[in-house]
Every structure is written in C-alpha cells, then in structure tokens.
Amino acid sequence: MLKRHWTPRYLFDRTREKLYRFTHPDLPWLTPQANSFLSQYLTPEMVGLEFGSGRSTIFFAQKVHFLSSVEHNPIWYEKVTVWLEKNHITNVDYRLFPRTNERNPLDEQYVQFSANFQLESLDFVLIDGIFREYCTCLIMKKIKPGGILIIDNVNRYLPGETLSPNSVGKDRPASSILWSELHQTLSSWKQMWSSNGVSDTAIYFKP
C-alpha cells in the first residue's frame, strides 16, 4: 500500500534528492542550500564536532583545522574509518560509542562526549545522530559566539515551514518537552532553515 506522503510532489523531490546525492558524492547528506553555505563558511582554522558521521566527516575534515566525530553504529564506524584512511585524513578524533540503552540518555557515553570541550571552544557543531535533543542541549554552551549549530532532519523535531513528510509542522509544538525548551532558546538565534522536500536542515547562528 502506498504511503500517504508518496504524492507526485514527494516522488519528484525524492528523485531529485537521490540525483543530488549521486552527482555530489563529496558533500554531506544535508540540503543543497546547507551544503552551499557550509562550503563557503568553513575555514582552515576552525574546530568542530559532529554527532553522527558519514560523508560530512570527510567534508568537514578537508576544510577545517580539526574535527571531532562521534558514531554509535559499529558497522558505519568501520566504513567511515576506511574512508578516512583512504583519503589520508589525520585531523579527526573519531570515536565509537555504541548505544547502551541506559534509562537516562544523559548517562550514555555518546552524549557525554560533550564534556570533553571547553565553553565557547567550537566553531560549529552538527547534530545528525542519536539522542539529538540531549546532545544539542549539552553542546550549545560549547559553541563560540558567532559559531553555528547545524541540525539535520530538524523538521521532525521543531516547528517550521516545510514540505517534508513526517514533520512537526509550523503551528504544532516541538516533538518533546526538551525539544520545546531548545526551541525557545534557539528562537533568539538567527537561523537558516532549508528543505529539499524530503528532509530539512537548519543552521543556527549563536549570538
């Protein structure tokens, strides 16, 4: 049975997304607008962190001074490790912290990796893995004023204008109490929200 969101518009957007990913193999799986901005924004002296690895790991590492990256999936971790080795990339601190199913996500090593960073020490942070709201909550104070917070698939968690399916929508509350609190805080940050019709990426600029 065809899913409700499989409309002609969605099928067009999904096909366009797949074509974009195929023709831009060196870019992260973010929206084209987000990738275009990051390609211009990132500079060789920057230091960043990503929760959730992949194409973004190579992309960031080739543009900035140093990147820390956290992954929870052992199979994906091995795959990205091979990519890093093949590209002779040595400026990445890449960590594997598998999900342990702790009752409190704040007890997960994956989330607590944020504690390794000083206040206002990071130029950018990408949220694109598990426990997104907890990682976001703990890392915000570690971003420098003028730095950026990138949240992929943001439409699933925060209200906003979007055509992507499985979205919170514009006039509905955030997907959880913690996301609602984060939404209030981020409302004072300048933002750039973009959608490809399949998923959305938001970039927030810390005041």
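Q: What makes K144 and D123 a salt bridge in this predicted model?
A: A salt bridge is a side-chain nitrogen of Lys or Arg within 4 Å of a carboxyl oxygen of Asp or Glu. The closest N and O atoms of K144 and D123 are 3.3 Å apart, so the pair meets that rule. K144 sits in strand β5 and D123 in strand β4, 21 residues apart, and the pair links distant parts of the chain. Strands here are DSSP runs of E with at least two residues, helices are runs of H or I with at least four, and both are numbered from the N terminus.

Q: Why is D123 called buried, and K144 partly exposed?
A: Buried means under 20% relative accessible area, exposed over 50%, and partly exposed in between (1.4 Å probe, protein chains only). D123 has 12% relative accessibility, so D123 counts as buried. K144, at 32%, therefore counts as partly exposed.

A word on the ground rules: this is a predicted model, where local features need pLDDT of at least 70 and side-chain atom pairs count only at pLDDT 80 or more, while totals for chains, interfaces and linings use all residues. Residues are numbered from 1 along each chain as its sequence is written, and side-chain values use heavy atoms, with hydrogens and water left out.

Q: How do you know that E17 and R21 are separated by about one helical turn?
A: E17 and R21 are four residues apart in helix α1 (residues 8-23), which means a separation of about one helical turn. Their side chains meet in a salt bridge, with 3.0 Å from N to O. E17 is buried because its relative accessible area is 9%, and R21 is partly exposed at 25%.

Q: What makes R132 buried?
A: Its relative accessible area is 10%, so R132 is buried. R132 also forms a salt bridge with D128 (3.2 Å, N to O), and D128 counts as partly exposed at 24%. By the same rule, the count comes to five salt bridges.

Q: Why does N91 count as buried?
A: N91 has 16% relative accessibility, so N91 counts as buried. This residue lies in the loop between α4 (74-86) and β3 (92-96). Contact means heavy atoms within 4.5 Å; not counting residues up to four places away in sequence, N91 touches A61, V64, H65, F66 and L67. A polar atom of the N91 side chain lies 3.1 Å from the backbone oxygen of V64.

Conventions:
Polar contact = N/O pair within 3.5 Å; in protein donor to acceptor, adjacent residues only side chain to side chain.
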